[in-house]
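Trainee: I should be grateful for a close look at one part of this protein. Please take a single residue as the starting point and work outwards from there.

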Amino acid sequence: QQHLGMPRYMPGQEHGARQSLENALKLDEKFADADDARAALTILGSAAGGDDAKSVAMLEAHVAKRPDPVAFNRLGAIYERRGDFAKASVAYEAALKSSPNNIPATLGLIRNHQQSKEPTKALELAKALRKQAPPDPDVAMAPGGWAGQMNASGRGGGFLQGHVQTEDRP
């Protein structure tokens, strides 16, 4: 189970990672990477929507010890909610540095570029992400969510429509 947990954890697949890591610890609390599994479960157990000073301090202390993409994603989301897009970008980019296929981090950067009025960067990231993870519904919806703000709904809407048409083929 541990062997399934961390490969799911690193790219931000939180639900599957949590299940696998919990099962691994139930089977054997003292396996070789049990401490890593516990640390990952601690991060997964932290409130994703919380942004109190204690949560931020815990996450920042954790990533100072080791690059943890889920912790970076959580920090990015907190900074984003606070309107600190520069810090959010740094956190999401750190998540991608430690886990290049991290879909939540890329989606966070897309939102961040959108909020920072950088639609070209957002579109470039969305295109690259769509090639990386085409069947992911969050990836498919990203361009449609900000197409109107780009004042070019044909670009975002067409991007989304092309994805749906491709996925519907047998």
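Is Ser-99 buried or exposed, and what is its relative accessible area?

Mentor: Ser-99 is buried, because its relative accessible area is 6%; buried means under 20%, exposed over 50% and partly exposed in between, with a 1.4 Å probe and protein chains only. Before going further, please note that this is a predicted model, in which local features need pLDDT of at least 70 and side-chain atom pairs count only at pLDDT 80 or more, while totals for chains, interfaces and linings use all residues. Residues are numbered from 1 along each chain as its sequence is written, and side-chain values use heavy atoms, with hydrogens and water left out.

The setting is a protein chain with 10 helices and 0 strands; these elements are DSSP runs numbered from the N terminus, helices being H or I runs of at least four residues and strands E runs of at least two. Of the 170 residues in the protein chain, 44% are buried.

Ser-99 sits in the loop that joins α6 (85–98) to α7. A polar atom of the Ser-99 side chain lies 2.7 Å from the backbone oxygen of Met-10. Apart from its neighbours within four places in sequence, Ser-99 is in contact (heavy atoms within 4.5 Å) with Met-10, Pro-11 and Pro-69.

Beyond this loop comes α7. At the start of α7, the backbone nitrogen of Ala-105 has a side-chain oxygen of Asn-102 within 2.9 Å. The 13 residues of α7 should span 18 Å at 1.5 Å a residue, and its end C-alpha atoms are indeed 18 Å apart; the expected span is 1.5 Å times one less than the number of residues. Helix α7 is largely enclosed by the rest of the structure, because 10 of its 13 residues are buried. Among them are Ile-103, Thr-106, Gly-108, Asn-112 and His-113.

One of the residues meeting α7 is Glu-80, which belongs to helix α5 (residues 69–81). Glu-80 counts as buried because its relative accessible area is 14%. Its side chain makes a polar contact of 2.6 Å with the side chain of Tyr-92; a polar contact is a pair of N or O atoms within 3.5 Å, where within protein one must be able to donate a hydrogen and the other to accept it, and residues adjacent in sequence count only if both atoms are side-chain atoms. Residues up to four places away in sequence aside, Glu-80 touches Phe-85, Ala-88, Tyr-92, Gly-108, Arg-111 and Asn-112.

At the far end of α7, Ser-116 occupies the loop between α7 (103–115) and α8 (119–132). Ser-116 is partly exposed, because its relative accessible area is 32%. Its C-alpha atom is 9.7 Å from that of Gly-83, although the two residues are 33 apart along the chain. Just after α7, Lys-117 adopts a positive phi of about 60°.

The next helix, α8, has 14 residues and reaches 20 Å from its first C-alpha to its last, close to the 20 Å expected. Its buried residues are Ala-122, Leu-123, Ala-126 and Leu-129. They line one face of the helix, because down the axis of α8 they fall within an arc of 130°, the arc being that of the directions from the helix axis to the C-beta atoms. The face of α8 turned away from this buried side carries the exposed residues Thr-120, Glu-124 and Lys-131.

The nonpolar packing completes the picture. A nonpolar core is a set of buried Ala, Val, Leu, Ile, Met, Phe, Trp, Tyr and Cys residues joined through side-chain atoms within 4.5 Å. The largest such core has 30 residues, and Tyr-9, Leu-44 and Leu-75 have the most contacts inside it. Helices α2 (14–27), α3, α4 (53–65), α5, α6 and α7 each supply at least two of its residues, and the largest share, 7 residues, comes from α5. A second, separate core of 6 residues includes Leu-107, Ile-110, Ala-122 and Ala-126.
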